[in-house]
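Colleague: I am new to this structure and should like to understand its pockets and its ligand. May I put some questions to you?

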Amino acid sequence: MIITIDGPAAAGKGTLAAALAKHYKLAYFDTGMVYRAVGLQMVLQNLDLTDEAAAEKVAQQLTFEKMMELSHHPDFRSDIGGQAASKVSVFPKVRAALLKMQQDFSLKPVFANGTPANGAVYDGRDTGTVVCPHADIKFFVTASMTVRAERRYKEFAAKGINTTYEKVLQDMVERDKRDSERSTAPLKPAEDAIILDTSTMDTEQEIAAAIKIIEAQKSI
Ligand code: C5P
């Protein structure tokens, strides 16, 4: 079974994806990691984030192992990593270079410890539209901008990342704009995606709602 979960930043995709992966014993691919890895690598090498050719080269050389190594860097999950990811992800050549790695995972999904899985949960922006258009179940998870900014700010604060609510909100407005206005694979629900607005839901309600939808769909 392949499940895709797309939507804007801090809508609740990651938490839901991890919970569904655990519930249905599926592997998990957080596709934002590939763009964060390319963006951070460019920042670390002092490369110009608006240089498409340079970003394409970094994307072409990215391996799964390198991505995992970069994921331990303190800026991988910070707004520096998020902004850099968002900037390089607008380039069609970068997206093309990173597509195969993401699609190959669905052919041979594995758990974090390397053992094979019977399917995968993907989370990202275009996993239901571009990466896995034939997924069994597609969700588009969203929430209001202020709710999302508040959630992300709390996440950062819990991790000790030094920022302000205003900065997080501003970062989110910019990223949403870039993600939804880019020409290749813009952020939008797949035609057959189920929209889940989590603005008034807590994590448990969100997970329960998604499982109910999947079970209903499985019995059709
Ligand atoms: O989900 P996350 O915040 O880690 O993603 C970082 C950035 O990577 C997003 O803002 C988006 O620009 C880009 N991204 C994308 N396509 C995906 C996943 C992430 O363009 N499938």
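Colleague: How much space lies in the largest pocket?

Modeller: This is a predicted model, and the figure is computed from its atoms. Among the 37 residues that line the largest pocket, Ala-10, Lys-13, Gly-14, Arg-77 and Arg-152 are the closest to its centre. The space within the largest pocket amounts to about 770 Å³.

Colleague: How do the residues of the lining of the largest pocket divide by class?

Modeller: Several elements give two or more residues to this lining, including α1 (13–23), β3 (120–124), α8 (145–158) and α10 (203–218). By class, the lining of the largest pocket has 10 nonpolar, 10 polar and 17 charged residues.

Colleague: Which pocket holds the space taken by the ligand?

Modeller: A molecule is assigned to a pocket if more than half of its atoms lie within 2 Å of the pocket's grid points. By that criterion, the space taken by the ligand is the largest pocket.

Colleague: Which element supplies the largest share of the shell around the ligand?

Modeller: Two or more residues of the shell come from each of α2 (32–44), α5 (79–88) and α9 (165–181). The shell has 2 nonpolar, 5 polar and 8 charged residues. Its largest share is 3 residues, and the element that supplies them is α2.

Colleague: Which residue has a side-chain N or O atom 2.7 Å from an oxygen atom of the ligand?

Modeller: Of the 15 residues around the ligand, those that come nearest are Arg-36, Arg-95, Asp-126, Arg-175 and Asp-179. Asp-126 has a side-chain N or O atom 2.8 Å from a nitrogen atom of the ligand, and a polar side-chain atom of Thr-31 lies 3.0 Å from a ligand nitrogen atom. The contact at 2.7 Å with an oxygen atom of the ligand belongs to the side chain of Arg-175.

Colleague: How much of the ligand's accessible area does the protein cover?

Modeller: On its own, the ligand has 450 Å² of accessible area. The share of this area covered by the protein is 97%.

Colleague: Which element gives the most to the lining of the second largest pocket?

Modeller: The second largest pocket has a volume of about 290 Å³. Of its 13 lining residues, Tyr-28, Phe-64, Met-68, Phe-111 and Ala-112 lie nearest its centre, and the lining comprises 12 nonpolar residues, no polar ones and 1 charged residue. At least two lining residues come from each of β2 (27–30) and α4 (64–70). The element that gives the most, with 4 residues, is β2.

Terms used:
Residues numbered from 1 in each chain as written. Predicted model: local features only at pLDDT ≥ 70, side-chain atom pairs only at ≥ 80, totals over all residues. Heavy atoms only, no water. Near = heavy atom within 4 Å. Polar contact = N/O pair within 3.5 Å; in protein donor to acceptor, adjacent residues only side chain to side chain. Areas by Shrake-Rupley, 256 points an atom, 1.4 Å probe, with all protein chains shown as cover. 1 Å grid on protein atoms, 1.4 Å probe; cavity = no way out; pocket = protein on both sides within 12 Å on 5 of 7 lines; lining within 4 Å. Nonpolar A, V, L, I, M, F, W, Y, C, P; charged D, E, K, R; others polar. Points joined across faces, edges and corners; volume = space filled by probe spheres on them.
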